[in-house]
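Q: Please take me through a close look at one part of this model, beginning with a single residue and working outwards from there.

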Amino acid sequence: MRVLVTGAAGFIGFHTSLALLERGDEVIGLDNVNDYYDPSLKEARLEILRQFPAFRFERISLEDGEAVSGVFRRHQPQRVINLAAQAGVRYSVENPMVYGGSNLIGYLHILENCRHTGVDHLVYASTSSVYGANANMPFSERNGVGHPMSLYAATKRANELMAHSYSHLFSLPTTGLRFFTVYGPWGRPDMALFKFVKAMLAGKPIDVYNHGNMKRDFTYVKDIVGGIVGVLDKPAQADPNWSAMESHPDPDRSAIAPYRIYNIGRGAPVDLMDFIRVAEQELGLTAELNMMPMQAGDVAATYADTTALQTDIGYVPSVPVEVGVVEFVRWYRAYYNV
Ligand SMILES: NC(=O)c1ccc[n+]([C@@H]2O[C@H](COP(=O)([O-])OP(=O)(O)OC[C@H]3O[C@@H](n4cnc5c(N)ncnc54)[C@H](O)[C@@H]3O)[C@@H](O)[C@H]2O)c1
């Protein structure tokens with residue numbers, strides 16, 4: 001298969017591209033390699049992907065509609081995985097316009113090109129943040145998602161709704177994946193585990209938000225990639241039994257259009273303090289804790305109900321934090337030589 005992966009220089013895009021290349025697919029990677037975090041980490045990921053002859057790379061921005069169309073014209077991807085986006089809940093409070101550009105305009109360019117070139121499946125990143133103020137645990141695709149707590153979450157929810165309209169109008173099969181806190185080797189420097197390990201190795205204190213009263217459904221990146229590839233291989237189909245009545249139990253998982261939404265998480269929330277303890281054990285260090293209040297836009301807990309993904313593609317996440325954090329720390333120490 002020829003697959004366009006946007007955000008290929010990013011954390012999840014890199015691992016996804018690698019998995020596709022390793023199984024023999026052709027991958028066209030698209031990324032603008034921006035400096036939201038250290039671009040040299042993105043370049044290092046690309047260096048690995050470039051070792052595969054079936055990998056080609058396009059350094060462009062999703063906001064540049066002409067350039068995006070050029071990529072679709074030149075490469076004619078059969079399927080598309082859209083992972084390029086401005087990520088980060090906290091950053092969106094101070095930098096809203098970047099989210100409008102990448103996550104709304106850029107995403108619309110992807111939809112338009114999928115529509116006009118007859119792509120047979122678009123898989124795209126959404127987020128657990130769409131659950132916002134919802135406090136029903138675990139988060140189910142059946143819960144309401146009408147109360148986002150950050151602009152980041154609002155743009156990702158918008159992506160889901162935009163996908164629905166294209167699935168409906170143009171029969172474009174789309175699958176949205178609501179990722180729950182992804183971590184692992186080659187992870188993002190703006191995320192908790194990376195920041196914790198970096199600070200601890202430098203003998204600096206770590207910032208612990210909401211005074212440590214946080215639970216996250218930390219999900220190992222290989223489990224996420226398994227789910228992405230699994231849904232990619234099974235294009236969304238319309239559900240002839242779908243009912244437009246409000247009482248229908250699947251408001252987001254199925255539709256009259258070829259459209260699906262799935263949670264993808266480990267389904268086992270971990271206390272932030274326990275997560276820190278695993279890192280401490282592996283590093284043989286004790287973290288100095290800088291207790292902080294809750295951050296604007298953040299939520300205290302996330303917990304994925306992944307029954308739908310299990311039923312439809314047999315998704316079973318297998319990596320607990322005791323293993324995943326160790327993998328991350330080993331990668332970090334080797335990569336940064338510390
Ligand atoms: N990592 C997580 O825990 C998590 C959780 C929920 C959702 N997500 C979503 O998953 C996707 C991938 O996240 P990630 O953690 O790999 O982030 P990342 O920042 O490492 O990867 C995103 C990549 O997209 C590129 N990019 C950003 N805007 C672009 C644009 N306008 N044009 C072209 N390239 C652009 C960046 O350079 C980067 O390499 C994102 O959509 C993110 O919102 C991630």
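**From one helix residue to the strands and the ligand**

A: Let's begin with Asn 103, which has its place in helix α5 (residues 96-117). Helices (H or I, at least four residues) and strands (E, at least two) are DSSP runs here, numbered from the N terminus. Before we go further, please keep in mind that this is a predicted model, in which local features need pLDDT of at least 70 and side-chain atom pairs count only at pLDDT 80 or more, while totals for chains, interfaces and linings use all residues. Residues are numbered from 1 along each chain as its sequence is written, and side-chain values use heavy atoms, with hydrogens and water left out.

Is Asn 103 buried or exposed? Its relative accessibility is 1%, so Asn 103 counts as buried. The cut-offs are under 20% relative accessible area for buried and over 50% for exposed, with partly exposed in between (1.4 Å probe, protein chains only). A polar atom of the Asn 103 side chain lies 2.8 Å from the backbone nitrogen of Gln 86. For a polar contact, a pair of N or O atoms must be within 3.5 Å; within protein, one must be able to donate a hydrogen and the other to accept it, and residues adjacent in sequence count only if both atoms are side-chain atoms.

Now for the strands. In β5 (121-127), seven of the seven residues are buried, so this strand is largely enclosed by the rest of the structure. In a regular strand, side chains alternate between the two faces of the sheet. Both faces of β5 are covered: one side carries His 121, Val 123, Ala 125 and Thr 127, the other Leu 122, Tyr 124 and Ser 126, and all of them are buried.

What pairs with β5? Two strands count as paired if DSSP finds at least two bridges between them. β4 and β5 pair in the parallel sense over four bridges, with Arg 79 standing opposite His 121. β5 also runs parallel to strand β6 (residues 174-179), joined to it by six bridges; there, Thr 127 has Phe 179 of β6 as its bridge partner. Between these two strands the chain passes through α6, and this β-α-β crossover from β5 to β6 is right-handed. Right-handed means that, with the strands pointing away from the viewer, the path from the first strand over the helix to the second runs clockwise. Along the way, the loop between β5 and α6 holds Pro 138, which is joined to Met 137 by a cis peptide bond with omega of about -10 degrees.

Following β4 (residues 79-82) the other way, we find that it pairs with β1 in the parallel sense over four bridges. Here Val 3 stands opposite Arg 79. β1 itself (residues 2-6) has four of its five residues buried, so this strand is largely enclosed by the rest of the structure. Its parallel pairing with strand β2 (residues 26-30) spans five bridges, and Val 3 stands opposite Val 27 there. The route of the chain from β1 to β2 goes through α1, again as a right-handed β-α-β crossover.

How does all this relate to the ligand? Of the 30 residues around the ligand, Asp 31, Tyr 37, Glu 63, Tyr 152 and Lys 156 come nearest; a residue is counted as near if one of its heavy atoms lies within 4 Å. Nonpolar residues make up 16 of the shell, with nine polar and five charged. In this scheme Ala, Val, Leu, Ile, Met, Phe, Trp, Tyr, Cys and Pro count as nonpolar, Asp, Glu, Lys and Arg as charged, and the others, Gly among them, as polar.

An oxygen atom of the ligand is 2.7 Å from an N or O atom in the Tyr 152 side chain. For the side chain of Lys 156, a ligand oxygen again lies 2.7 Å from an N or O atom. Val 182 takes part through its backbone, where a polar atom is 2.8 Å from a ligand oxygen. On its own the ligand exposes 810 Å², of which the protein buries 97%; the areas come from the Shrake-Rupley method with a 1.4 Å probe, and for residues only the protein chains shown count as cover. Two or more shell residues come from each of α1 (11-22), β5 and α6 (151-170). β5 gives the most, with three residues, which brings us back to the strand with both faces covered.
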